[in-house]
Each structure stands twice: as C-alpha cells, then as structure tokens.
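Visitor: I am new to this structure and should be grateful for a close look at a single part of it. Please begin with one helix, and then show me what else deserves attention.

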Amino acid sequence: MSANTPTALGTDTMPAWTQHRYGEADAVRRETVDVPAPGRGEVLLRLRATGLNNGDIRVMRGEPLLVRLAFVLHRPRQPVRGMDAAATVVAIGDGVTGVSVGDEVVCELPAGGGLAAYALAPASRLVSRPGALAPGVAAALPVAGGTAWQALARGDAASGHRVLVIGASGGVGTFVVQLAALRGAEVWALCGERSRAVVGGLGAARTFDYHRVQPGAPELEDGTFDVVVDIAGTAPLRVLQRLARDGGRVVLVSGEGGRVLGPIGRIMRAALLSIGSRRPLRPLAATAKPEVLSELVALAAAGSLRPVIEQTFVFGDAPAALAHVAAGHVVGKVVVTAG
C-alpha cells in the first residue's frame, strides 16, 4: 500500500455531504467527490464518527458576515462540515513519524471535513483513541471539551472555589460543569428547566432555570464567584463583572451580536471594562491543543468525564443532524456515525 495514494484504498472517490452556498441544512447535498491524498505532515483518515458544534452551523450559514471574509464570500472554502473526528489512519503523507496505518485516533480537523467517508488531518493533531472509548463518544470531545478545558485553564476552578456556568447544558457547558467539579470547585449552573437534572448529575451543586434566574437576580449574589463562564453570551457585561469576586474573572466563551460583526462589539466592550479592573472579562479564543485532547481522552476512557450525547445520527442523515443543531437548545452534543 502506497503511503499517500488513495487508490490503495480500492477507490478514488467517496461520499461527502457538501455545500456550495451558505444557508441552512438544506444547502447540504450528498455528492461523490475525490478521495484526497495526504500531503507532507498529513494523514488520511477513514471517519468513524463526527461530532457537530455550533461553529459548524456558523460556517454553514456564513454568519456573522465577518466569517465570510475568513472563508469565501458566497460559499465555505471547505465544503464539508464537521470538525470533531474519531477515525482510523489509512494513509500517511511524507514526513510523518510516530503514526501508523490502522491507528485509531481522535482529532480536531482544521477547517471541517468530517461529514465524509475520508478526511485529511495534520499528523500533529492526532491523539490515540483507546479501545475502551467508543468512536461516537470520542468524537464528542475535541472542540467542546477543548474549549471547556481552556476556559478553566488558569487553575481558578479548584477546591474551595465557586464557579458559575451560564449556558451549562450545551456541548461546552456540560464539559465545563464536569471539569470544574472534577477539580473540586462548587459549581452553580444556569440552564433550561428540562436540563437541570442532567446538569446536576454532572456535578453542579446548584442549578437554576435561566428563564427564571438570570445574572443580576438575587439568587446569584454579586462578588461570590471565583470564575464566571458565560457561554450564553447575552447577559450585560457589567452584570457579569459584578458576579465575580475581586481577583476572580469572567470568561466569555460566546457572545451575541449583529449579523455583520457578530460578537466583535461585545469583545471590544469587554476589553474596555477590564482596564484596571480586579474582575477582568476575558474573551476566549479556543484553539486546537492535542495535549489537552489527550487529557480529555484519558479522563473519558477512565469514566471520569462523560460526554453528554443528546442524539446520534447515521451518515445518511447528516443534514437532519445539522438541522437539529441549527435549531438550538441541544443538550450536550450531536454525533454522526459512519454506520
């Protein structure tokens, strides 16, 4: 088998769910496309499962419009959605060491490509998937789990600390709750009423229905949280800032905004409010960190971290999976399997 020749797989083509215009899930079509060949430093993966994220929906829609400047004006540069991948290595490009054909791996694909039979990935991003960790579970980890880890990366979620998670029932939120609780923090969480039992089961000491309790409500006393992780992105920044104690901080994982600039205005206001403040507002720009994913994989394989998977779709139903995520209010993650 040639290290980087797709014909060694027995096929030059593959099915892929592609989009050639921005839009909703109905813009995604199943097509037969060429199997890509890995370049230097890359591997070719056979997808076992793909986790979907809100980021996939933003790119699918091309919103905010600022996103289009990073891609292409009328369509995504990468036509296939899906950044989270659990897969098997089937071909290796030049310069790749420490990886073998047949290895079972987990990774974050740089720009998408997961809703296809095969995808390319930088070898440097691969993390070994242990046999104890099912592909569908592993595929829920990279983006949401990595974002949650980085939101708590400064060690301010520890024994004796209190953490408030706003928007605790989504993919990132369910991981933040678990990681903070694993580190010994007392976790308070805002989520939908139907999700309170789930979030409580993940380790939250107190949960609140966000329809009834919002930042600024008397149930959430000002100055009592070591870290506030805001995933919902709608609360006034000054209100969030008051919730943190002196020396604490607010992490902005997401943010609402206009159709053109999205959360840019909110990020700029956060920077201004943080000047000289003992309660800084810190927008989070999470990046792919294989060393973090390796920690998440180990925790999940040991049973210490449990990805919440609301629904699993088969490959043929990928547009329905995208539409489900796009509709909002997913509890945990949505995964698409190759079977």
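Guide: The model before you is predicted. A suitable starting point is the residue that comes just after helix 1, namely G62, whose phi is positive, at about 70 degrees. The helix that precedes G62 spans residues 54–61, and its buried residues are G55, D56, I57, V59 and M60. An α-helix has 3.6 residues a turn, so residues three or four places apart point the same way. What do the buried residues of helix 1 pack against? Their partners are strand 1 (13–19), strand 2 (28–34), strand 3 (42–52) and helix 10 (318–326).

Two of these partners lead on to an open space in the model. Strand 1 and strand 2, together with strand 6 (118–122), each supply at least two residues of the lining of the second largest pocket. That pocket has a volume of about 270 Å³. Its lining counts 20 residues, and those closest to the centre are P36, Q78, G113, A119 and L120. Strand 6 gives the most to this lining, with 5 residues.

Strand 3, another partner of helix 1, leads instead to a charged pair. Side chains of opposite charge can pair when their charged atoms come close. The structure holds 12 salt bridges. In one of them E104 is joined to R48, with the closest N and O atoms 3.0 Å apart. Because E104 belongs to strand 5 (residues 104–108) and R48 to strand 3, this pair ties together parts that are 56 residues apart in sequence. E104 is partly exposed, at a relative accessible area of 23%, and R48 is likewise partly exposed, at 33%. A network of salt bridges links R48 and E104 with R129.

Two further pairs may be followed in the same way. R194 and E310 meet through their side chains in a salt bridge of 3.8 Å, N to O. Since R194 lies in the loop between strand 9 (186–191) and helix 6 (196–201), and E310 lies in strand 14 (residues 309–314), the pair ties together parts that are 116 residues apart in sequence. R194 counts as exposed, at 60% relative accessibility, whereas E310 counts as partly exposed, at 28%. The side chains of D246 and R279 also form a salt bridge, at 3.1 Å from N to O. Here D246 is placed in strand 12 (residues 244–252) and R279 in the loop between helix 8 and strand 13 (281–283), so parts 33 residues apart in sequence are tied together. D246 counts as partly exposed, with 42% relative accessibility, and R279 is partly exposed too, with a relative accessible area of 22%.

Helix 8 itself covers residues 264–274 and includes I264. With I267 and M268, I264 forms a nonpolar patch on the surface, and the accessible area of the three together is about 250 Å². I264 is partly exposed, because its relative accessible area is 31%.

A residue of another helix provides a contrast. Is Q178, in helix 5 (residues 171–182), buried or exposed? Q178 is buried, because its relative accessible area of 6% falls under the limit of 20%. Apart from neighbours within four places in sequence, Q178 is in contact with L202, S304, L305 and R306.

Methods. Residues are numbered from 1 along each chain as its sequence is written. This is a predicted model: local features need pLDDT of at least 70, side-chain atom pairs count only at pLDDT 80 or more; totals for chains, interfaces and linings use all residues. Side-chain values use heavy atoms; hydrogens and water are left out. Buried means under 20% relative accessible area, exposed over 50%, partly exposed in between (1.4 Å probe, protein chains only). Helices (H or I, at least four residues) and strands (E, at least two) are DSSP runs, numbered from the N terminus. Contact means heavy atoms within 4.5 Å. Patches are made of residues with over 30% relative accessible area and no salt bridge: like charges are joined within 9 Å, nonpolar side chains (Val, Leu, Ile, Met, Phe, Trp, Tyr) within 5 Å. Accessible areas come from the Shrake-Rupley method with a 1.4 Å probe; for residues, only the protein chains shown count as cover. A salt bridge is a side-chain nitrogen of Lys or Arg within 4 Å of a carboxyl oxygen of Asp or Glu. On a 1 Å grid over the protein atoms alone, a cavity is a set of points where a 1.4 Å probe fits but cannot get out, and a pocket is an open set with protein on both sides within 12 Å along at least five of seven lines; lining residues have an atom within 4 Å of a point. Grid points are joined across faces, edges and corners, and a volume is the space filled by probe spheres set on the points.
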